[in-house]
Amino acid sequence: MPDPTSRPRRPPAAPSFDPAAQAWQPADAALAPVPPDRLLPELLRGALSQPGPWPQDPLGSTEYRHPGREGAPVLAAVLIPLVAHASGVRVMLTQRAAHLHDHAGQISFPGGRLETTDATPVDAALREAEEETGLPIDYVDVLGSMPAYLTSTGFSITPVLSLVRPGFTLVPDSFEVAEVFEVPLAFLMDPANHRLYRAPLPDGRERQYYAMPWQGHFIWGATAGMLRNLYHLVRHRLAANADQA
């Protein structure tokens with residue numbers, strides 16, 4: 001694993017507010033859930049392995065950048081592992097260790113910066129997922145990559161969609177990962193479980209962000225934004241495939 005201390009250190013970036021304590025409103029207006037009986041591995045494979053277009057949420061990537069993070073974005077990639085359990089597909093997420101320089105303690109997908117050894121964002125996402133969680137690459141079937149997501153901390157993240165065969169054993173890196181857990185895809189594909197938060201910023205502007213609280217985990221920010229985009233993509237693609245059947 002590359003030594004992170006060898007990279008130039010940018011100023012730490014942390015929200016100036018408690019993300020979970022801000023005012024919020026439901027984010028499901030005129031949006032229907034994806035029926036759970038449609039969230040089957042083979043239907044997802046057919047839907048998510050197709051080329052674009054890639055529906056995006058109107059809120060999109062952030063326009064706000066933390067002070068000191070306004071320059072060219074750092075290229076990164078994350079793996080969105082859709083674990084195909086017999087009981088239903090679940091999404092693997094991690095809680096980052098509290099001491100990390102970026103996004104400390106937050107819920108995220110496994111992933112990280114692109115290194116010089118990574119030929120593509122897919123290579124970076126697979127490498128980082130294995131390094132962080134121990135997820136063996138040979139259990140992962142890459143389906144495609146969503147458009148890059150720009151974060152307030154100055155990262156341009158490529159989300160890599162994948163179906164993961166169950167039966168693996170994880171060995172998380174305790175330096176980077178405090179916990180690995182899974183959330184039912186059906187929960188995340190129901191916009192009744194999505195919240196839109198509004199937080200005041202020190203310069204008088206307002207930041208908006210999605211969150212999807214689940215069993216004590218506060219999934220928010222870029223991770224929730226990418227999941228919101230995934231909801232639009234799954235809903236659109238599954239409906240289009242059903243119409244063509």
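What follows is a tutorial dialogue on reading a few features of this predicted model.

User: Let's start with the big picture. How many helices and strands does the chain have?

Analyst: The chain holds four helices and 11 strands. Of its 245 residues, 47% are buried. Contact range is worth a look too: among contacts with a separation of 6 or more, 71% link residues 24 or more positions apart.

User: Can you give me a concrete pair that is far apart in sequence?

Analyst: Try Phe155, which sits in strand β8. Phe155 and Ala76 are 79 residues apart in sequence, while their C-alpha atoms are 6.5 Å apart in space. Phe155 has 7% relative accessibility, so it counts as buried.

User: Next, cores. What is the general idea, and which residues have the most contacts inside the largest nonpolar core?

Analyst: The general idea is that nonpolar side chains tend to be buried together in soluble globular proteins. Here, the largest nonpolar core has 43 residues, and Met189, Ile219, Leu230 and Val234 have the most contacts inside it. The elements that each supply at least two residues of this core are α1, β2, β3, β8, β9, α3 and α4. The biggest contribution to this core, eight residues, is from α4. Apart from this core lies another one of 13 residues, including Met92, Ala125, Leu126 and Leu135.

User: Which residues does Met189 contact, leaving aside neighbours within four places in sequence?

Analyst: On that count, Met189 is in contact with Pro33, Val34 and Leu39, and also with Leu227, Leu230, Tyr231 and Val234. Two of those names, Leu230 and Val234, appeared a moment ago among the residues with the most contacts inside the largest core.

User: And Met226, where is that one, and is it buried or exposed?

Analyst: Met226 is part of helix α4. Its relative accessibility is 3%, so Met226 counts as buried, the cut-off being under 20%. Setting aside neighbours within four places in sequence, Met226 touches Val78, Phe109, Met146, Tyr149, Ile157 and Pro159. Compare that with Tyr210, 16 residues away along the chain: the C-alpha atoms of Tyr210 and Met226 are separated by 9.6 Å.

User: Now helix faces. How do I read which side of a helix points inward?

Analyst: An α-helix has 3.6 residues a turn, so residues three or four places apart point the same way. Then you look for where the buried residues fall. In α1, the buried residues are Leu44, Ala47 and Leu48. They lie on the same side of α1, because the arc they cover around the axis is only 80 degrees.

User: What do the buried residues of α1 pack against?

Analyst: Their packing partners are β2, β3, β6, β8, α3 and α4.

User: What about a buried residue that is not nonpolar? Where is Ser162, and what does it touch?

Analyst: Ser162 is polar by class and belongs to strand β8. With 0% relative accessibility, Ser162 counts as buried. Not counting residues up to four places away in sequence, Ser162 touches Leu79, Ile80, Pro81 and Leu82, together with Val140, Asp141, Val142 and Leu143.

User: On to pockets. How much space lies in the second largest pocket, and which residues line it?

Analyst: For a pocket, read the volume, then the lining, then the chemistry. The second largest pocket contains about 160 Å³ of space. Its lining is Pro36, Leu39, Leu40, Pro41, His85, Ser87, Gly88, Val89, Arg90, Pro184, Leu185 and Ala186. By class, that lining has eight nonpolar, three polar and one charged residues.

User: Which elements each supply at least two residues of that lining?

Analyst: Those are β3 and α3. The largest share, three residues, comes from β3.

User: Last one: backbone angles. Where do Ala30 and Gln215 lie, and what is their phi?

Analyst: In both cases phi is positive in a residue other than glycine. Ala30 has phi near 60 degrees and lies in the loop between β1 and α1. With a relative accessible area of 86%, Ala30 is exposed. Gln215 has phi near 45 degrees, and its loop runs between β11 and α4. Gln215 is exposed as well, at a relative accessible area of 65%.

Key: Residues numbered from 1 in each chain as written. Predicted model: local features only at pLDDT ≥ 70, side-chain atom pairs only at ≥ 80, totals over all residues. Heavy atoms only, no water. 1 Å grid on protein atoms, 1.4 Å probe; cavity = no way out; pocket = protein on both sides within 12 Å on 5 of 7 lines; lining within 4 Å. Points joined across faces, edges and corners; volume = space filled by probe spheres on them. Core = buried A, V, L, I, M, F, W, Y, C linked by side-chain atoms within 4.5 Å. Buried < 20%, exposed > 50% of the residue type's maximum accessible area, 1.4 Å probe, protein only. Contact = heavy atoms within 4.5 Å. Arc of directions from axis to C-beta.
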